[in-house]
Amino acid sequence: MAYDELALDTLGDKKTALFLIMSDTDTTFNFVLAMLQSQLLNLLCDKADDVYGGRLPVHVRLLLDEFANIGQIPNFDKLIATIRSREISAAIVLQSLSQLKAIYKDAAEIISDNCDSTVFLSGRGKNAKEIAEALGKETIDTYNTGENRGREKSYSLNYQKLGKELMSQDEIAVMDGGKCILQLRGVRPFFSDKYDITKHPFYKHLSDYHPKNAFDIERFLSTKLKIRPDDVYEVYEIPVSDKEAAAE
């Protein structure tokens, strides 16, 4: 960390992939990652405003997996509301919305409100309750009939329109694992099948498809020179002194 080797402000200039890898069980260095992401967003916003007239030429998408375990990003509730106009977006992945509230407190609602789309994969408890409330209600028709048997029979028929939850909490809690609920801003939520990743055209490049596709971070970071058969290189012969030759 003594010098900068990331050049964070260049991520919006050309297609680039930056992987931030840290432990999801040890929180010792969470502040480093949170500081990096805060600096990244601020640098990209400044670059968009000062160099590109307000919008980056290449869209920058942040895939924030395990968002609750990467530390608190300073002023994230304000950043998420302003980065979209600069061609920057953030996909927040959580196990539960309660995790967001535990870290960001009152700002958690602001963060979730600034997300244009929400994908609910499965869950129960408060998750199911909040999703049920967000889905709203549907209108149902009810008919009540009555019969009075006495000296003279009489019948009655009542017709009512009532509101019913589109999906109740118990229905959401036992939702099929292959289904999901997608909410998009401006349209009604809909119930859908989860995407089958094995059908994606690039699935064959994943380690799930074949172990040989796994990324070896240690090999990537190794500074040892690796010479391939088709590489062109020069060989120099360096003479050694008599004393060095005798030592060998």
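This report walks through a predicted model of one protein chain, from its overall form down to a few residues worth finding on screen.

**The whole chain**

Let's start with the broad view. The protein chain holds eight helices and seven strands. Its radius of gyration is 29 Å, well over the 18 Å that the globule rule gives for 248 residues, so the chain is more spread out than a compact globule. Along the principal axes, the C-alpha atoms fill a box of roughly 135 × 45 × 35 Å.

Of the 248 residues, 22% count as buried. The accessible surface comes to about 19200 Å², and carbon and sulfur atoms contribute 53% of that area. Among contacts with a separation of 6 or more, 65% are made by residues 24 or more positions apart. As for charge, the chain carries 31 positive and 39 negative charges, and the mean positions of these two groups are 9 Å apart.

**Two neighbours in helix H1**

Helix H1 covers residues 30-50, and Gln-37 is found in it. Ser-38 lies in helix H1 too. Is Gln-37 buried or exposed? Gln-37 counts as buried because its relative accessibility is 4%, a value under the 20% cut-off. Ser-38, at 11% relative accessibility, also counts as buried.

What do these residues touch, once their neighbours within four places in sequence are left aside? Gln-37 is in contact with Leu-20, Leu-64, Ile-70 and Ile-73. Ser-38 touches Ile-73 and Pro-74. Ile-73 therefore appears in the contact lists of both Gln-37 and Ser-38.

**A buried glycine after H1**

Moving on along the chain, Gly-54 is found in the loop between H1 and E1. Its relative accessible area is 17%, so Gly-54 is buried. Leaving aside neighbours within four places in sequence, Gly-54 is in contact with Ala-48, Asp-49, Ser-85 and Arg-86. Arg-86 is 32 residues away from Gly-54 along the chain, yet the C-alpha atoms of the two are separated by 5.7 Å.

**Two loop residues with positive phi**

Most residues other than glycine have a negative phi. Against that background, two residues are good ones to look up. Glu-66 has a positive phi, near 50°, and lies in the loop between strand E1 (60-64) and helix H2 (76-82). Lys-105 is not a glycine either, and its phi is positive at about 55°. Lys-105 is found in the loop between H3 and helix H4 (107-113), just after H3.

How exposed are they? Glu-66 counts as partly exposed because its relative accessibility is 28%. Lys-105 has a relative accessible area of 54%, so it is exposed.

At the other end of H3, which residue caps the N-terminal end of the helix? Ser-96 does so for H3 (residues 97-104), with a side-chain oxygen 3.2 Å from the backbone nitrogen of Ser-98.

**Accessibility at a glance**

Here are the residues discussed above, with their relative accessibility.

| Residue | Relative accessibility | Class |
|---|---|---|
| Gln-37 | 4% | buried |
| Ser-38 | 11% | buried |
| Gly-54 | 17% | buried |
| Glu-66 | 28% | partly exposed |
| Lys-105 | 54% | exposed |

Methods:
Residues are numbered from 1 along each chain as its sequence is written. This is a predicted model: local features need pLDDT of at least 70, side-chain atom pairs count only at pLDDT 80 or more; totals for chains, interfaces and linings use all residues. Side-chain values use heavy atoms; hydrogens and water are left out. A polar contact is a pair of N or O atoms within 3.5 Å; within protein, one must be able to donate a hydrogen and the other to accept it, and residues adjacent in sequence count only if both atoms are side-chain atoms. Helices (H or I, at least four residues) and strands (E, at least two) are DSSP runs, numbered from the N terminus. Buried means under 20% relative accessible area, exposed over 50%, partly exposed in between (1.4 Å probe, protein chains only). Contact means heavy atoms within 4.5 Å. The radius of gyration is taken over C-alpha atoms; the globule rule is 2.2 Å times the number of residues to the power 0.38. Accessible areas come from the Shrake-Rupley method with a 1.4 Å probe; for residues, only the protein chains shown count as cover. Lys and Arg count as positive and Asp and Glu as negative; His and the chain ends are not counted. The place of a charge is taken as NZ of Lys, CZ of Arg, CG of Asp or CD of Glu.
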